[in-house]
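Please look through the model below with an eye to burial, strand pairing, charged pairs and aromatic rings. The paragraphs that follow take these topics up by turns.

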Amino acid sequence: ELALKSLGSEGLFLFSSLDTNNDLYLSPEEFKPIAEKLTGVAPISEFEEEETPDPSGETLSVVAKFQPLVMETMTKSKDGFLGISHVALSGLRNWTAPAVPMSMMLARQFKAFLPPKNKLDLGDPWWIIPSELNIFTGYLSNNRFYPPPPKGKEIIIHKLLSVFHPRPFVKTRFAPQGAVACIQAVSTFYYTIAFRIHAEFQLNEPPDFPFWFSPGQFTGHIILSKDSSHVREFKLFVPNNRSLNVDMEWLYGASESSNMEVDIGYLPQMELESAGPSVPSVIHDENGNVIDSRDPSGEPIQFVFEEITWQQEIPWEEAAQKLEVAMYPFKKVSYLPFTQAFERAKAEKKLVHSILLWGALDDQSCKPLSASLPMPGSGRTLRETVLESSPILTLLHAIFFVKELEELQTNRENEFYSKLADLHLEKYNFPVEMIICLPNGTVIHHINANYFLDITSMKPEDVESSIFSFSTNFEDPSTATYLQFLKEGLQRAKPYLQ
């Protein structure tokens with residue numbers, strides 16, 4: 001109360017965003033972002049001190065490519081961003097190019113991508129940066145502007161993402177955080193490592209309120225020597241194969257509980273690629289003497305690299321799927337495109353379970369439940385609770401998930417598929433609807449995420465319907481309730497499937 005009286009609500013909001021340990025005292029480390037902003041001078045970081053270039057080491061040139069978010073893909077654009085201040089979107093509108101179009105990095109810095117000794121099998125994932133959040137730990141604060149100093153293996157990820165924007169957060173506010181990798185190919189001296197990173201950016205600075213920009217994922221690969229002395233190839237990018245691939249959330253007040261506006265949009269391009277293999281920063285002749293990097297005519301010396309013969313390898317699609325399951329255990333269940341799910345369900349006389357939502361469950365562009373909630377919910381809550389539960393996963397192997405509802409409602413080329421879409425959309429209510437239906441599309445059971453979360457937050461004795469009663473076999477009410485929902489759907493379907 002004293003701090004609020006002294007600073008006012010907006011001043012306290014800024015102070016709290018810097019006071020990372022909430023002790024109402026700003027240490028020099030916590031005050032550093034403001035000092036750098038006011039003086040314009042950034043001290044040499046620990047990272048720069050630790051990574052003094054080795055004269056005999058190699059350097060890698062990386063090129064950043066970036067196309068800004070297509071504003072017309074945001075749902076708020078449909079009404080001309082009515083009610084949204086220009087200031088709120090200023091950080092987004094001004095981000096039109098990468099912060100550093102081309103940069104040089106040390107090959108040795110990529111050592112963080114090498115596998116641990118117990119993860120040398122193809123496709124066996126490991127965590128470069130472990131996810132520290134789950135449904136029990138909660139979420140990190142929205143009220144932040146400046147990333148914490150990266151440590152350990154976070155350093156290279158932070159350095160790579162800083163090429164796009166100066167304020168990357170290596171650890172996202174919500175699960176699953178971090179970075180996961182697996183070996184895609186192996187030779188005598190090299191690995192091809194596939195990786196997936198969940199990170200986000202803070203686009204605004206004080207006095208504006210925070211604006212979070214969360215790409216669905218960063219993915220890519222690196223061809224790296226087993227001693228990390230040489231990088232043959234590197235590429236990192238945000239997939240753009242979906243119509244929506246970025247989640248955006250911004251606050252409208254000076255406190256953690258302030259209303260949050262949410263939207264989703266399409267980012268055409270965000271990628272980082274090596275211009276070529278890493279090369280020695282200093283060249284020696286056969287006698288160990290340093291020689292000029294240019295030939296007598298003034299042209300740069302051209303290096304010749306041996307061809308890599310891979311002894312074992314798996315397809316990129318398989319490696320990417322392994323990483324996806326590591327991030328989202330619910331992906332262990334077979335996913336099918338909308339129309340294929342019904343074709344297979346009809347052939348095998350099984351039900352179809354679909355989850356209709358705005359966004360995607362299997363990346364970080366999944367939308368939160370409500371703009372007024374500081375804690376993300378809805379699709380995120382589903383995937384972090386019930387969809388990761390062993391009993392739920394076991395039951396879902398008996399029916400089918402629908403990955404997403406294609407826009408088939410207006411497609412009259414196939415009347416059956418159009419009818420399926422109609423039947424689903426008739427039952428859909430924002431933000432997420434869980435549906436169980438027969439192979440012909442008839443909906444036999446459905447529940448909205450808002451109602452689902454409402455009843456799982458109630459005491460068992462207050463739940464009127466026995467359909468969603470809690471089970472003593474499960475400690476988590478969400479899991480128990482969702483399991484009951486699925487079982488009820490199976491029970492209702494029995495007369496139709498006999």
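A residue is called buried here when its relative accessible area is under 20%, exposed when that area is over 50%, and partly exposed in between, with a 1.4 Å probe and protein chains only taken into account. By that rule E249, at 1% relative accessibility, counts as buried. This is a predicted model, in which local features need pLDDT of at least 70 and side-chain atom pairs count only at pLDDT 80 or more, whereas totals for chains, interfaces and linings use all residues. Residues are numbered from 1 along each chain as its sequence is written, and side-chain values use heavy atoms, with hydrogens and water left out.

E249 is also one half of a charged pair, since its side chain meets that of R173 in a salt bridge, with an N to O distance of 2.9 Å; the term stands for a side-chain nitrogen of Lys or Arg within 4 Å of a carboxyl oxygen of Asp or Glu. Because E249 lies in strand 11 (residues 246-251) and R173 in the loop between strand 4 (168-169) and strand 5 (178-186), the pair ties together parts that are 76 residues apart in sequence. Helices (H or I, at least four residues) and strands (E, at least two) are DSSP runs, numbered from the N terminus. R173 is buried as well, at 1% relative accessibility.

The whole structure holds 13 salt bridges, and some of the others involve residues with another degree of accessibility. K119 forms a salt bridge with D124, where the closest N and O atoms are 3.3 Å apart; K119 has a relative accessible area of 21% and is therefore partly exposed, and D124, at 23%, counts as partly exposed. The side chains of E348 and K350 likewise meet in a salt bridge, at 3.5 Å from N to O, with E348 partly exposed at 37% relative accessibility and K350 partly exposed at 28%. Salt bridges that share partners also join K76, E261 and D263 into one network.

Turn next to T73, which lies in the loop between strand 1 (58-67) and helix 4 (90-94). With 28% relative accessibility, T73 counts as partly exposed. Where contact means heavy atoms within 4.5 Å, and neighbours within four places in sequence are left aside, T73 is in contact with L244, I264, G265 and Y266. Of these pairings, that of T73 with G265 spans 192 residues in sequence, while their C-alpha atoms are 5.0 Å apart in space. A polar atom of the T73 side chain also lies 2.5 Å from the backbone oxygen of V70.

What can be said of burial in helix 5? Seven of the eight residues of this helix (residues 154-161) are buried, so helix 5 is largely enclosed by the rest of the structure. The buried residues are E154, I155, I156, I157, H158, L160 and L161.

Strand 22 (residues 443-448) is mostly covered too, with five of its six residues buried. Strand 21 (residues 432-437) runs antiparallel to strand 22, and five bridges join them; two strands are said to pair if DSSP finds at least two bridges between them. One of the bridge partnerships links E433 with N448 in strand 22. The two strands form a hairpin with five residues between them, and in the turn G441 has a positive phi of about 95°.

The aromatic side chains form 13 pairs in the whole structure, where rings of Phe, Tyr and Trp (its six-membered ring) pair if their centres lie within 6.5 Å, and planes under 30 degrees apart count as stacked, over 60 as edge-to-face and the rest as tilted. The rings of F110 and F113 have centres 6.2 Å apart and planes at 25°, so this pair is stacked, and both F110 and F113 are buried. The rings of F145 and Y146, by contrast, have centres 6.4 Å apart and planes at 50°, so that pair is tilted; F145 is buried with a relative accessible area of 1%, and Y146 is buried with 17%. Elsewhere, F66, W95, F201, F213 and F218 form one aromatic cluster.

Rings also meet charged groups, a charge being said to sit over a ring if NZ of Lys or CZ of Arg is within 6 Å of the ring centre and within 35 degrees of the ring normal. The charged end of R93 sits over the ring of F81, 5.2 Å from its centre, and K235 lies over the face of F237, at 5.5 Å from the ring centre.

How values were computed
Polar contact = N/O pair within 3.5 Å; in protein donor to acceptor, adjacent residues only side chain to side chain.
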